[in-house]
Amino acid sequence: MQNYSLFRGLISTALGLSVLCPSAALALSKVTYTASATFTLNPSAGNPNQDFGTVHIQPVSATGWVLRVRSTQGGALRHSSHPSTVSYTLFVNGTQVGSLASGSDTAVLTGSVLSCPPLIGCTLAVRATISTDNIARVPAGSYSDTLVFTLAEQ
């Protein structure tokens with residue numbers, strides 16, 4: 001299996017403050033990430049369907065690919081100076097991503113599920129759900145996680 005693309009993006013948010021999400025991105029080759037607008041975690045209602053931006057993929061073949069993602073913080077936003085974390089559930093193109101807790105690559109979508117034209121590619125929404133239970137009793141401040149997207153041909 002040959003890897004064609006790699007994306008690293010830093011997702012950053014704050015309790016009680018608005019900051020860019022993600023604040024930094026590096027796109028290589030066939031994967032491009034576009035950051036969403038700013039957002040604030042809502043302790044009373046949570047953040048259902050929170051916009052984290054989009055990922056544009058351009059595979060070499062329409063159906064022979066797999067998109068994977070991993071979280072360097074185990075699927076949680078980690079406070080910048082305190083040991084607190086805020087767990088979230090990640091969705092790409094409306095599909096819930098499996099557990100990110102291991103920090104290992106997790107398959108998101110494959111070409112057998114979504115055909116993506118090689119020259120045009122596909123733009124996929126990246127969203128997350130953060131429940132009020134996950135926000136409760138955590139200190140205010142900046143929280144972040146780094147997601148690494150990999151597009152591999154099969």
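**Exercise 1. How much area does the protein expose, and what share of it do carbon and sulfur atoms supply?**

Solution. Keep in mind that this is a predicted model. The protein exposes about 7100 Å². Carbon and sulfur atoms supply 51% of that area. To look inward as well, take the 154 residues of the protein: 42% of them are buried.

**Exercise 2. Find out how many helices and strands the protein has, and how its contacts spread along the sequence.**

Solution. Start with the elements: there are 14 strands and one helix. Next, take the contacts with a separation of 6 or more. Residues 24 or more positions apart account for 74% of these.

**Exercise 3. Describe the largest nonpolar core and say where its residues come from.**

Solution. Step one is the size: the core has 31 residues. Step two is to pick out the residues with the most contacts inside it, which are Ile-57, Leu-67, Leu-90 and Phe-149. Step three is to ask which strands each supply at least two residues of this core; they are β4 (31-34), β5 (36-41), β6, β7 (65-71), β10, β12 (106-110), β13 (122-130) and β14 (141-153). The largest share comes from β13, with five residues.

Now zoom in on Leu-67. Leaving aside residues up to four places away in sequence, Leu-67 touches, among others, Ile-57, Val-92, Val-108, Leu-124 and Phe-149.

**Exercise 4. Classify the ring pair of Phe-52 and Tyr-88, and explain what the pair ties together.**

Solution. The protein has two aromatic pairs by the rule used here. For Phe-52 and Tyr-88, the ring centres are 5.9 Å apart and the planes stand at 65 degrees. Planes over 60 degrees apart count as edge-to-face, so the pair of Phe-52 and Tyr-88 is edge-to-face.

Then place the two residues. Phe-52 lies in strand β6 (residues 47-57), while Tyr-88 lies in the loop between β9 (85-87) and β10 (89-92), so the pair ties together parts that are 36 residues apart in sequence. Both Phe-52 and Tyr-88 are buried. Together with Phe-39, they form one aromatic cluster.

**Exercise 5. Is Asp-133 buried or exposed, and where is it found?**

Solution. Asp-133 is found in helix α1 (residues 132-135). Its relative accessible area is 64%. Exposed means over 50%, so Asp-133 is exposed. As a last step, compare sequence with space: Asp-133 and Pro-43 are 90 residues apart in sequence, yet their C-alpha atoms are 8.3 Å apart.

Notes. Residues numbered from 1 in each chain as written. Predicted model: local features only at pLDDT ≥ 70, side-chain atom pairs only at ≥ 80, totals over all residues. Heavy atoms only, no water. Helix = DSSP H or I, 4+ residues; strand = E, 2+ residues; numbered from the N terminus. Buried < 20%, exposed > 50% of the residue type's maximum accessible area, 1.4 Å probe, protein only. Contact = heavy atoms within 4.5 Å. Areas by Shrake-Rupley, 256 points an atom, 1.4 Å probe, with all protein chains shown as cover. Phe/Tyr/Trp six-rings, centres within 6.5 Å; stacked < 30°, edge-to-face > 60°. Core = buried A, V, L, I, M, F, W, Y, C linked by side-chain atoms within 4.5 Å.
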